[in-house]
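Visitor: I should like to learn how to read the salt bridges of a protein model. May we look at the structure together?

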Amino acid sequence: CLKSRGLGDVYKRQDYEIAAHLADKTNVSHTPIDLTKIKISTEALFRTAKSGCAWTFLIDGFYNHLVPHKFGAESVYWSGYMGDLVAGNSLRPVLFEGFDSWEEAVLSYSRRLESGFFHMIDLYPPGFDPASVLPVKPWLEEKRMNYFDQLCIFDTHLNYLKRAIIPSGYHYVTPFCRKEWVNFLLFAPLHLRMSKYIYKKVLISAYPDLFSCPVKEFWGSSLKSAPFEIFFRHAVQWIKNRTGFADHLWTRLGVYRVMQYIDLDDAIRQRGAYHEMVRENIADLKNRKLIDWLDFDRLWADHRNKNGDLGVELLLLTALEISLKVEGA
(Lines give C-alpha, C1' and ligand atoms only; values in the text may rest on other atoms or scores of the structure.)
Protein backbone atom coordinates (compact mmCIF):
# COMPACT_ATOMS: atom_id res chain seq x y z
CA CYS A 1 0.00 0.00 0.00
CA LEU A 2 1.42 3.36 -1.00
CA LYS A 3 -0.23 6.72 -1.14
CA SER A 4 1.12 9.67 -3.06
CA ARG A 5 -0.47 12.96 -3.92
CA GLY A 6 1.83 15.04 -6.00
CA LEU A 7 2.08 18.61 -7.18
CA GLY A 8 3.49 19.88 -3.92
CA ASP A 9 0.60 18.79 -1.76
CA VAL A 10 1.38 16.78 1.36
CA TYR A 11 1.36 13.02 1.21
CA LYS A 12 -1.49 11.70 3.31
CA ARG A 13 -2.18 8.37 4.91
CA GLN A 14 -5.87 7.94 5.53
CA ASP A 15 -6.14 5.23 2.90
CA TYR A 16 -2.77 3.93 4.10
CA GLU A 17 -4.57 2.76 7.24
CA ILE A 18 -7.82 1.81 5.53
CA ALA A 19 -5.84 -0.46 3.21
CA ALA A 20 -4.43 -2.34 6.19
CA HIS A 21 -7.95 -2.77 7.59
CA LEU A 22 -9.30 -4.06 4.26
CA ALA A 23 -6.39 -6.45 3.81
CA ASP A 24 -7.03 -7.93 7.24
CA LYS A 25 -10.78 -8.22 6.61
CA THR A 26 -10.35 -9.89 3.21
CA ASN A 27 -7.37 -12.06 4.24
CA VAL A 28 -5.02 -10.46 1.74
CA SER A 29 -1.30 -10.02 2.39
CA HIS A 30 -0.46 -6.36 2.96
CA THR A 31 2.92 -4.67 2.48
CA PRO A 32 3.01 -0.99 3.49
CA ILE A 33 5.73 1.33 2.22
CA ASP A 34 6.68 4.20 4.53
CA LEU A 35 7.76 7.02 2.24
CA THR A 36 9.59 8.82 5.02
CA LYS A 37 12.20 6.05 4.95
CA ILE A 38 12.76 6.20 1.19
CA LYS A 39 15.81 8.20 0.15
CA ILE A 40 15.34 10.51 -2.80
CA SER A 41 18.09 11.90 -5.02
CA THR A 42 18.82 13.24 -8.49
CA GLU A 43 20.09 9.79 -9.46
CA ALA A 44 16.86 8.15 -8.29
CA LEU A 45 14.70 10.62 -10.24
CA PHE A 46 16.97 10.19 -13.26
CA ARG A 47 16.24 6.45 -13.23
CA THR A 48 12.52 7.20 -12.84
CA ALA A 49 12.62 9.52 -15.84
CA LYS A 50 14.44 6.90 -17.92
CA SER A 51 11.77 4.31 -17.10
CA GLY A 52 9.30 6.30 -19.18
CA CYS A 53 8.37 9.03 -16.72
CA ALA A 54 10.34 11.92 -18.29
CA TRP A 55 8.39 15.15 -18.86
CA THR A 56 5.99 14.35 -16.05
CA PHE A 57 5.95 15.23 -12.34
CA LEU A 58 8.85 12.95 -11.37
CA ILE A 59 8.14 12.99 -7.63
CA ASP A 60 4.83 11.21 -8.23
CA GLY A 61 6.51 8.83 -10.62
CA PHE A 62 9.34 8.03 -8.23
CA TYR A 63 6.98 7.04 -5.41
CA ASN A 64 4.53 5.19 -7.65
CA HIS A 65 7.36 3.15 -9.16
CA LEU A 66 8.48 1.91 -5.74
CA VAL A 67 5.94 -0.90 -5.85
CA PRO A 68 7.10 -2.65 -9.06
CA HIS A 69 10.73 -2.01 -8.14
CA LYS A 70 10.12 -3.82 -4.86
CA PHE A 71 8.38 -6.89 -6.31
CA GLY A 72 10.14 -7.16 -9.67
CA ALA A 73 9.23 -7.78 -13.30
CA GLU A 74 7.98 -11.31 -12.64
CA SER A 75 4.94 -10.11 -10.68
CA VAL A 76 1.58 -9.00 -12.06
CA TYR A 77 0.34 -5.59 -10.90
CA TRP A 78 -3.28 -4.52 -10.74
CA SER A 79 -3.89 -0.80 -11.11
CA GLY A 80 -6.97 1.37 -10.86
CA TYR A 81 -5.49 3.66 -13.52
CA MET A 82 -8.16 5.80 -15.23
CA GLY A 83 -10.91 4.43 -12.99
CA ASP A 84 -11.82 7.81 -11.50
CA LEU A 85 -11.98 9.54 -14.88
CA VAL A 86 -14.11 6.90 -16.57
CA ALA A 87 -16.40 6.76 -13.53
CA GLY A 88 -17.04 10.50 -13.78
CA ASN A 89 -14.84 11.99 -11.09
CA SER A 90 -13.86 14.90 -13.34
CA LEU A 91 -17.42 15.85 -14.28
CA ARG A 92 -18.80 19.20 -13.22
CA PRO A 93 -22.31 20.65 -13.68
CA VAL A 94 -21.08 22.99 -16.43
CA LEU A 95 -20.54 19.96 -18.67
CA PHE A 96 -24.28 19.33 -18.82
CA GLU A 97 -24.57 22.45 -20.93
CA GLY A 98 -22.08 21.03 -23.40
CA PHE A 99 -19.72 23.11 -25.50
CA ASP A 100 -20.60 25.02 -28.64
CA SER A 101 -17.21 24.20 -30.13
CA TRP A 102 -13.98 22.30 -29.58
CA GLU A 103 -12.21 25.61 -28.98
CA GLU A 104 -14.57 26.39 -26.10
CA ALA A 105 -13.88 22.97 -24.55
CA VAL A 106 -10.12 23.47 -24.88
CA LEU A 107 -10.33 26.86 -23.18
CA SER A 108 -12.36 25.43 -20.29
CA TYR A 109 -9.97 22.49 -19.96
CA SER A 110 -6.84 24.66 -19.94
CA ARG A 111 -8.31 26.94 -17.27
CA ARG A 112 -9.15 23.95 -15.12
CA LEU A 113 -5.62 22.59 -15.49
CA GLU A 114 -4.23 25.90 -14.30
CA SER A 115 -6.53 26.10 -11.30
CA GLY A 116 -5.88 22.45 -10.43
CA PHE A 117 -2.18 22.99 -9.79
CA PHE A 118 -1.29 23.99 -6.24
CA HIS A 119 1.02 26.74 -7.42
CA MET A 120 1.59 30.34 -6.49
CA ILE A 121 3.31 31.70 -9.60
CA ASP A 122 3.18 30.84 -13.30
CA LEU A 123 6.31 29.24 -14.71
CA TYR A 124 5.52 29.79 -18.37
CA PRO A 125 6.66 32.97 -20.18
CA PRO A 126 4.56 36.16 -20.18
CA GLY A 127 1.85 36.09 -22.79
CA PHE A 128 1.83 32.30 -23.13
CA ASP A 129 -1.60 30.75 -23.64
CA PRO A 130 -1.80 27.14 -22.33
CA ALA A 131 -4.67 26.42 -24.71
CA SER A 132 -2.32 27.05 -27.64
CA VAL A 133 -0.45 23.76 -27.10
CA LEU A 134 -3.57 21.58 -26.91
CA PRO A 135 -4.93 19.70 -29.96
CA VAL A 136 -6.63 21.87 -32.56
CA LYS A 137 -9.39 19.34 -33.26
CA PRO A 138 -11.14 16.55 -31.36
CA TRP A 139 -10.37 12.87 -31.75
CA LEU A 140 -14.08 11.99 -31.92
CA GLU A 141 -17.35 13.77 -32.56
CA GLU A 142 -18.93 15.15 -29.40
CA LYS A 143 -22.00 12.94 -29.87
CA ARG A 144 -19.68 9.93 -29.53
CA MET A 145 -17.70 11.25 -26.57
CA ASN A 146 -17.90 14.46 -24.55
CA TYR A 147 -15.14 16.89 -25.56
CA PHE A 148 -13.99 17.30 -21.96
CA ASP A 149 -13.64 13.51 -21.55
CA GLN A 150 -11.58 13.38 -24.73
CA LEU A 151 -9.16 16.00 -23.45
CA CYS A 152 -8.83 14.30 -20.05
CA ILE A 153 -8.20 10.87 -21.58
CA PHE A 154 -6.04 11.61 -24.60
CA ASP A 155 -4.10 14.55 -23.23
CA THR A 156 -3.70 14.30 -19.44
CA HIS A 157 -4.03 10.56 -18.88
CA LEU A 158 -2.28 9.00 -21.86
CA ASN A 159 0.40 11.65 -22.29
CA TYR A 160 1.10 12.39 -18.66
CA LEU A 161 -0.51 10.41 -15.83
CA LYS A 162 -0.08 6.94 -17.33
CA ARG A 163 3.70 7.39 -17.55
CA ALA A 164 3.85 8.62 -13.96
CA ILE A 165 1.72 5.75 -12.66
CA ILE A 166 2.74 2.75 -14.78
CA PRO A 167 6.46 2.27 -15.47
CA SER A 168 7.57 0.47 -18.60
CA GLY A 169 8.88 -3.08 -18.39
CA TYR A 170 6.27 -4.44 -15.96
CA HIS A 171 3.06 -6.42 -16.39
CA TYR A 172 0.18 -4.17 -15.35
CA VAL A 173 -3.49 -5.14 -15.44
CA THR A 174 -5.82 -2.14 -15.72
CA PRO A 175 -9.44 -3.36 -15.47
CA PHE A 176 -10.90 0.14 -15.73
CA CYS A 177 -9.36 0.45 -19.20
CA ARG A 178 -11.20 -2.59 -20.60
CA LYS A 179 -13.09 -1.64 -23.75
CA GLU A 180 -16.43 -2.97 -22.47
CA TRP A 181 -16.21 -1.01 -19.22
CA VAL A 182 -15.04 2.21 -20.87
CA ASN A 183 -17.78 2.08 -23.50
CA PHE A 184 -20.45 1.34 -20.90
CA LEU A 185 -19.57 4.31 -18.70
CA LEU A 186 -18.39 6.92 -21.19
CA PHE A 187 -21.54 6.59 -23.25
CA ALA A 188 -23.85 6.64 -20.22
CA PRO A 189 -25.85 9.86 -19.66
CA LEU A 190 -23.75 12.46 -17.92
CA HIS A 191 -26.08 12.75 -14.94
CA LEU A 192 -25.47 9.06 -14.17
CA ARG A 193 -21.73 9.62 -14.08
CA MET A 194 -21.87 12.74 -11.91
CA SER A 195 -20.25 12.02 -8.52
CA LYS A 196 -19.47 8.53 -9.90
CA TYR A 197 -23.11 7.57 -9.28
CA ILE A 198 -23.47 4.61 -11.64
CA TYR A 199 -19.94 3.38 -10.87
CA LYS A 200 -20.75 3.14 -7.17
CA LYS A 201 -24.06 1.41 -7.89
CA VAL A 202 -22.24 -1.22 -9.96
CA LEU A 203 -19.68 -1.83 -7.21
CA ILE A 204 -22.32 -2.23 -4.52
CA SER A 205 -24.39 -4.57 -6.71
CA ALA A 206 -21.44 -6.71 -7.82
CA TYR A 207 -19.55 -6.88 -4.49
CA PRO A 208 -21.98 -5.97 -1.68
CA ASP A 209 -19.86 -7.44 1.12
CA LEU A 210 -16.60 -5.89 0.00
CA PHE A 211 -18.10 -2.44 -0.45
CA SER A 212 -19.65 -2.53 2.98
CA CYS A 213 -16.09 -1.88 4.15
CA PRO A 214 -14.72 1.62 4.83
CA VAL A 215 -13.63 3.76 1.91
CA LYS A 216 -11.38 6.81 1.95
CA GLU A 217 -13.76 9.03 -0.01
CA PHE A 218 -16.38 8.81 2.72
CA TRP A 219 -13.99 9.23 5.66
CA GLY A 220 -14.21 5.59 6.74
CA SER A 221 -17.89 5.09 5.92
CA SER A 222 -18.90 2.60 3.25
CA LEU A 223 -20.43 3.20 -0.17
CA LYS A 224 -23.75 2.08 1.32
CA SER A 225 -23.69 4.71 4.07
CA ALA A 226 -26.45 7.27 4.41
CA PRO A 227 -25.49 10.92 3.72
CA PHE A 228 -25.93 11.80 7.41
CA GLU A 229 -23.41 9.13 8.48
CA ILE A 230 -20.88 10.40 5.96
CA PHE A 231 -21.37 13.98 7.16
CA PHE A 232 -21.06 12.87 10.78
CA ARG A 233 -17.81 10.99 10.13
CA HIS A 234 -16.40 13.96 8.27
CA ALA A 235 -17.25 16.22 11.21
CA VAL A 236 -15.72 13.78 13.72
CA GLN A 237 -12.60 13.55 11.54
CA TRP A 238 -12.33 17.33 11.54
CA ILE A 239 -12.55 17.40 15.36
CA LYS A 240 -10.09 14.55 15.76
CA ASN A 241 -7.47 16.17 13.54
CA ARG A 242 -7.55 19.29 15.70
CA THR A 243 -7.41 17.57 19.07
CA GLY A 244 -5.08 14.59 18.59
CA PHE A 245 -6.75 13.03 21.64
CA ALA A 246 -6.49 9.23 22.22
CA ASP A 247 -5.44 8.28 18.71
CA HIS A 248 -5.89 4.56 19.33
CA LEU A 249 -9.47 5.16 20.47
CA TRP A 250 -10.37 6.95 17.25
CA THR A 251 -8.93 4.07 15.23
CA ARG A 252 -10.98 1.55 17.20
CA LEU A 253 -14.05 3.60 16.33
CA GLY A 254 -13.11 3.44 12.66
CA VAL A 255 -12.01 7.07 12.39
CA TYR A 256 -8.82 6.81 10.43
CA ARG A 257 -5.89 9.13 10.64
CA VAL A 258 -5.19 11.79 8.05
CA MET A 259 -1.54 12.53 8.72
CA GLN A 260 1.17 14.21 6.76
CA TYR A 261 4.18 12.09 6.20
CA ILE A 262 5.96 14.15 3.61
CA ASP A 263 5.42 17.89 3.51
CA LEU A 264 7.28 18.69 0.32
CA ASP A 265 7.47 22.43 0.94
CA ASP A 266 9.11 21.87 4.31
CA ALA A 267 11.32 19.04 3.01
CA ILE A 268 12.88 21.40 0.48
CA ARG A 269 13.60 24.00 3.16
CA GLN A 270 15.33 21.55 5.49
CA ARG A 271 18.95 20.64 4.82
CA GLY A 272 18.59 17.10 3.58
CA ALA A 273 17.98 14.98 0.49
CA TYR A 274 15.15 17.10 -0.95
CA HIS A 275 17.01 20.33 -0.31
CA GLU A 276 20.21 19.16 -2.01
CA MET A 277 18.41 17.57 -4.95
CA VAL A 278 16.35 20.67 -5.71
CA ARG A 279 19.22 23.11 -5.13
CA GLU A 280 21.52 21.16 -7.47
CA ASN A 281 19.01 20.87 -10.33
CA ILE A 282 17.70 24.42 -10.07
CA ALA A 283 21.31 25.64 -10.38
CA ASP A 284 21.87 23.43 -13.44
CA LEU A 285 18.65 24.63 -15.07
CA LYS A 286 19.58 28.26 -14.39
CA ASN A 287 22.95 27.73 -16.06
CA ARG A 288 21.27 26.50 -19.23
CA LYS A 289 19.82 30.01 -19.73
CA LEU A 290 16.72 28.49 -21.36
CA ILE A 291 14.20 30.11 -19.02
CA ASP A 292 15.22 33.74 -18.96
CA TRP A 293 11.88 35.05 -17.69
CA LEU A 294 12.29 33.48 -14.23
CA ASP A 295 14.48 34.78 -11.41
CA PHE A 296 15.77 31.46 -10.07
CA ASP A 297 17.68 33.02 -7.19
CA ARG A 298 14.64 34.90 -5.95
CA LEU A 299 12.40 31.84 -6.37
CA TRP A 300 14.77 29.77 -4.23
CA ALA A 301 15.27 32.53 -1.64
CA ASP A 302 11.54 33.29 -1.33
CA HIS A 303 10.79 29.65 -0.64
CA ARG A 304 13.67 29.19 1.82
CA ASN A 305 12.67 32.37 3.68
CA LYS A 306 8.98 31.36 3.74
CA ASN A 307 7.87 34.29 1.63
CA GLY A 308 5.64 31.74 -0.07
CA ASP A 309 5.25 27.98 -0.45
CA LEU A 310 6.91 27.50 -3.80
CA GLY A 311 7.66 23.80 -3.53
CA VAL A 312 5.45 22.97 -6.52
CA GLU A 313 7.35 25.36 -8.75
CA LEU A 314 10.75 24.17 -7.56
CA LEU A 315 9.88 20.49 -8.01
CA LEU A 316 8.39 21.06 -11.47
CA LEU A 317 11.56 22.87 -12.50
CA THR A 318 13.63 20.05 -10.99
CA ALA A 319 11.62 17.53 -13.04
CA LEU A 320 12.24 19.65 -16.14
CA GLU A 321 16.00 19.71 -15.56
CA ILE A 322 16.20 15.95 -14.96
CA SER A 323 14.11 15.27 -18.08
CA LEU A 324 16.54 17.40 -20.07
CA LYS A 325 19.42 15.41 -18.64
CA VAL A 326 17.75 12.15 -19.67
CA GLU A 327 17.44 13.52 -23.22
CA GLY A 328 21.16 14.33 -23.16
CA ALA A 329 20.46 18.02 -23.58
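Visitor: What does the accessible surface of the protein come to, and what percentage of it belongs to carbon and sulfur atoms?

Guide: Please keep in mind that this is a predicted model. Its accessible surface is about 18100 Å², and carbon and sulfur atoms contribute 56% of that area. Of the 329 residues, 44% count as buried.

Visitor: How many helices and strands does the protein have?

Guide: The secondary structure consists of 16 helices and four strands. Among contacts with a separation of 6 or more, 68% are between residues 24 or more positions apart.

Visitor: How should one read a salt bridge, and how many are there?

Guide: In general, side chains of opposite charge can pair when their charged atoms come close. The criterion applied here is a side-chain nitrogen of Lys or Arg within 4 Å of a carboxyl oxygen of Asp or Glu. By this rule there are ten salt bridges. One of them joins arginine 193 to aspartate 149, with 2.8 Å between the closest N and O atoms.

Visitor: Which parts of the chain does the pair of arginine 193 and aspartate 149 tie together?

Guide: Arginine 193 belongs to helix α9 (residues 190-193) and aspartate 149 to helix α7 (residues 147-165), so the salt bridge ties together parts that are 44 residues apart in sequence.

Visitor: Is arginine 193 buried or exposed, and is aspartate 149 buried or exposed?

Guide: A residue counts as buried under 20% relative accessible area. Arginine 193, at 0%, is therefore buried, and aspartate 149 is buried as well, at 1%.

Visitor: What is the N to O distance between aspartate 284 and lysine 325?

Guide: The side chains of aspartate 284 and lysine 325 form a salt bridge at 2.8 Å, N to O. Aspartate 284 lies in helix α14 (residues 273-288) and lysine 325 in helix α16 (residues 311-326), so this pair connects parts 41 residues apart in sequence. Aspartate 284 is partly exposed at 27% relative accessible area, and lysine 325 is partly exposed at 24%.

Visitor: Which residues are linked with Asp284 and Lys325 in a network of salt bridges?

Guide: Arg288 and Glu321 are linked with Asp284 and Lys325 in that network.

Visitor: With which residue does lysine 286 form a salt bridge?

Guide: Lysine 286 pairs with aspartate 297, the closest N and O atoms being 2.8 Å apart. This pair links helix α14, which holds lysine 286, with helix α15 (residues 296-304), which holds aspartate 297; the two residues are eleven residues apart. Lysine 286 is partly exposed at 35% relative accessibility, and aspartate 297 is partly exposed at 47%.

Terms used. Residues numbered from 1 in each chain as written. Predicted model: local features only at pLDDT ≥ 70, side-chain atom pairs only at ≥ 80, totals over all residues. Heavy atoms only, no water. Buried < 20%, exposed > 50% of the residue type's maximum accessible area, 1.4 Å probe, protein only. Contact = heavy atoms within 4.5 Å. Areas by Shrake-Rupley, 256 points an atom, 1.4 Å probe, with all protein chains shown as cover.
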